[in-house]
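Please look through the structure shown below together with its sequence, and then read the points that follow, which are grouped by topic.

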Amino acid sequence: MPTRQEQRAETTERILAAARAQLAEVGAAALSLRAVTREVGMVSSAVYRYFPSRDELLTALIIEAYDAVGQAAEDADEGGTPLERWLAVWRAVRGWAREHAAQYALIYGSPVPGYAAPVDTLPAAGRVATVLARIAIEAAGPVAEPGPAVRNALVPDLLPGLSPELAPAAIAAFTQLFGTVGFELFGQYENVVVDRDAFFDHVARTAGGACGL
């Protein structure tokens with residue numbers, strides 16, 4: 001017989017699964033705790049014991065999505081040259097996004113009106129960046145001098161081992177990764193980019209080169 005903790009975990013997953021399905025159907029802005037409640041066949045008061053508000057449900061979905069794409073990035077960093085590792089991570093992130101477009105849109109698409117992500121989403125949100133930064137730090141290749149204006153534009157000591165010289169290129173690479181994936185998923189490359197795989201790898205290699213790979 002399942003323990004109370006196991007039952008709670010199972011019910012939580014049922015609620016999250018219904019919420020993920022609703023994300024894919026109507027998008028994050030229209031996510032409704034009432035609709036999720038109907039889908040799982042529970043009364044509202046019972047669901048509220050798991051997620052007291054729509055915002056708390058959104059937060060759980062956001063952390064789940066960040067953790068999933070972060071895990072994909074970490075699993076892809078299996079070895080090889082720094083550039084091979086870099087490309088593998090970029091491709092893994094893109095692959096995850098293409099398979100989970102609604103979850104990708106939740107974390108890297110348009111902000112949800114009236115919702116502000118709490119600070120407890122930050123550790124999960126930083127997992128992909130941490131993998132990419134680690135590869136660039138270990139590569140220890142030459143990078144362009146960013147200049148004092150760019151250095152001063154960034155928060156110091158963003159990640160352990162990330163030098164002031166490397167930080168701007170690393171942040172730019174992170175931005176390029178998710179920007180390129182987003183452009184592909186949301187249709188901005190229609191009638192612009194024919195070979196998406198080749199173009200994606202070109203952007204990845206260019207960003208890696210800027211990071212000293």
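Leaving out residues up to four places away in sequence, Gln188 touches Gly182 and Phe183 in this predicted model. Gln188 has its place in the loop between α10 and α11, and with a relative accessibility of 40% this residue counts as partly exposed. The points below move from the two helices on either side of that loop to a buried arginine, an annotated stretch and the chain as a whole.

**The helices α10 and α11**

- Helix α10 covers residues 167-185 and helix α11 covers residues 196-210, and the two pack at an angle of about 170° with their axes 9 Å apart.
- Angles over 145 degrees count as roughly antiparallel, and α10 and α11 are therefore roughly antiparallel to each other.
- On the α10 side, the residues that meet α11 are Ala169, Ala173, Gln176, Leu177, Thr180, Val181 and Glu184, while on the α11 side their partners are Arg196, Phe200, Val203, Ala207 and Ala210.
- Sorted by class, this contact of α10 with α11 is made up of eight nonpolar, two polar and two charged residues.

**Arg127 and its surroundings**

- Arg127 lies in helix α8, which spans residues 127-139.
- Is Arg127 buried or exposed? The relative accessible area of Arg127 is 18%, and because buried means under 20%, Arg127 counts as buried.
- When neighbours within four places in sequence are left aside, Arg127 is in contact with Asp67, Gly70, Gln71 and Glu74.
- With one of these residues, Asp67, the side chain of Arg127 is joined by a polar contact of 2.8 Å.

**An annotated stretch**

- The UniProt record, an unreviewed entry, lists residues 32-51 under the name "DNA-binding region".
- In the model, the chain over residues 32-51 is 65% helix and 0% strand, and the C-alpha atoms at the two ends of this stretch are 12 Å apart.

**The chain as a whole**

- The protein chain has 11 helices and zero strands, and from the N terminus on its elements therefore read as one α after another.
- Taken along the principal axes, the C-alpha atoms of the protein chain fill a box of roughly 60 × 40 × 35 Å.
- The protein chain has 213 residues, of which 38% count as buried.
- If one takes the contacts between residues at least 6 apart in sequence, 72% of them join residues that are at least 24 apart.

How values were computed:
Residues are numbered from 1 along each chain as its sequence is written. This is a predicted model: local features need pLDDT of at least 70, side-chain atom pairs count only at pLDDT 80 or more; totals for chains, interfaces and linings use all residues. Side-chain values use heavy atoms; hydrogens and water are left out. Axes are lines fitted to C-alpha atoms, for helices over the stretch in contact, and angles run from 0 to 180 degrees between N-to-C directions. Helices (H or I, at least four residues) and strands (E, at least two) are DSSP runs, numbered from the N terminus. Angles under 35 degrees count as roughly parallel, over 145 as roughly antiparallel, 65 to 115 as roughly perpendicular and the rest as oblique. Contact means heavy atoms within 4.5 Å. Ala, Val, Leu, Ile, Met, Phe, Trp, Tyr, Cys and Pro count as nonpolar, Asp, Glu, Lys and Arg as charged, and the others, Gly among them, as polar. UniProt positions are given in the numbering used here, feature names are shortened, and annotations may be inferred rather than shown by experiment. Buried means under 20% relative accessible area, exposed over 50%, partly exposed in between (1.4 Å probe, protein chains only). A polar contact is a pair of N or O atoms within 3.5 Å; within protein, one must be able to donate a hydrogen and the other to accept it, and residues adjacent in sequence count only if both atoms are side-chain atoms.
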